[in-house]
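Colleague: I'm new to reading models like this one, so could you take me slowly through one part of it? I'd like to begin with a pair of neighbouring strands and then see what lies around them.

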Amino acid sequence: MTDLVNAWNTGLTEQITVTNNGPTAVNGWKLGFTLASGQTITSAWNATVTPATGAVSATNLSYNASIPPGGSTSFGFQANHTGNTAAPASFSLNGHVCGAG
């Protein structure tokens, strides 16, 4: 999992890449994470991200539901912020805690 935040004034974009390090394909994924205080998502790409604040979930779209072993998929979002541009501290993929790196 990699996470890249690009912040400016009162906005930011975040690009998250989910990599399958396991021996079998992931068929359907849901990534859970908590936004930093003051961040509100305004749009997203390559995933459905809900709700707009707090503890959110990013869910695959039909064209990127499967991640083969050793493969990855990326999604991102744009958000407003009130000064805190921190990336999420932790993530869970399909209910299992995973790390960012």
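Over how many bridges do β1 and β2 pair, and is the sense parallel or antiparallel?

Modeller: Sure, but a word about the model before we dive in. It's a predicted one, where local features need a pLDDT of at least 70 and side-chain atom pairs count only at pLDDT 80 or more, while totals for chains, interfaces and linings use all residues. Residues are numbered from 1 along each chain as its sequence is written, and side-chain values use heavy atoms, leaving out hydrogens and water.

Now your strands. β1 and β2 pair over seven bridges, in the antiparallel sense. A strand here is a DSSP run of E with at least two residues, a helix is a run of H or I with at least four, and both are numbered from the N terminus. Two strands count as paired if DSSP finds at least two bridges between them. As a general point, strands of a sheet pair through backbone hydrogen bonds, either parallel or antiparallel. To find this pair on screen, look for Leu4, which sits opposite Gln15 of β2. A hairpin of two residues takes the chain from β1 into β2.

What's on the other side of β2? That strand also pairs with β9, antiparallel again, through nine bridges. Two places to look are Leu12, whose bridge partner in β9 is Ala79, and Val18, which faces Thr73 of β9. Put together, this gives an open, antiparallel sheet of four strands in the order β1-β2-β9-β5. β1 (2-8) and β5 (40-45) are at the edges with a single partner strand each, so one side of each has no neighbour in the sheet. From one strand to the next, the twist averages 20°; the axes behind such angles are lines fitted to C-alpha atoms (for helices, over the stretch in contact), and angles run from 0 to 180 degrees between N-to-C directions.

There's another open sheet to look at, this one with five strands in the order β6-β7-β4-β10-β11, paired antiparallel. Its edges are β6 (48-50) and β11 (96-98); each has a single partner strand, so one side of each is left without a neighbour in the sheet. Ignoring direction, neighbouring strands in this sheet are turned by 25° against each other on average. Inside it, five bridges join β4 and β7 in the antiparallel sense, and Leu31 has Ala58 of β7 as its bridge partner.

Leu31 is a handy way into the core. The largest nonpolar core has 20 residues, and Ile16, Leu31, Phe33 and Phe75 touch the most other members. Such a core is a set of buried Ala, Val, Leu, Ile, Met, Phe, Trp, Tyr and Cys residues joined through side-chain atoms within 4.5 Å. "Buried" means under 20% relative accessible area, "exposed" over 50%, and "partly exposed" is in between (1.4 Å probe, protein chains only). The elements giving two or more residues to this core are β2 (11-19), β4 (30-34), β7 (55-59), β9 (72-80) and β10 (91-93). Leaving aside neighbours within four places in sequence, Leu31 is in contact with several residues, among them Ile16, Val18, Ala58, Phe75 and Phe91; contact means heavy atoms within 4.5 Å.

Next, the rings. The structure holds three aromatic pairs, where rings of Phe, Tyr and Trp (its six-membered ring) pair if their centres lie within 6.5 Å; planes under 30 degrees apart count as stacked, over 60 as edge-to-face and the rest as tilted. Phe33 and Phe77 make a stacked pair, 6.1 Å centre to centre with 15° between the planes. Phe33 is in β4 and Phe77 in β9, so this pair ties together parts 44 residues apart in sequence. Phe33 also forms a tilted pair with Phe91, 5.6 Å centre to centre and 55° between the planes. That one links strand β4 to strand β10, 58 residues apart. Ring pairs join Phe33, Phe77 and Phe91 into a cluster. Phe33 is buried, with a relative accessible area of 3%, and Phe91 is buried at 2%.

Finally, zoom out. The protein has zero helices and 11 strands. Its radius of gyration is 13 Å, close to the 13 Å from the globule rule for 101 residues, so it is as compact as a globular protein of that length. That radius is taken over C-alpha atoms, and the rule is 2.2 Å times the number of residues to the power 0.38.
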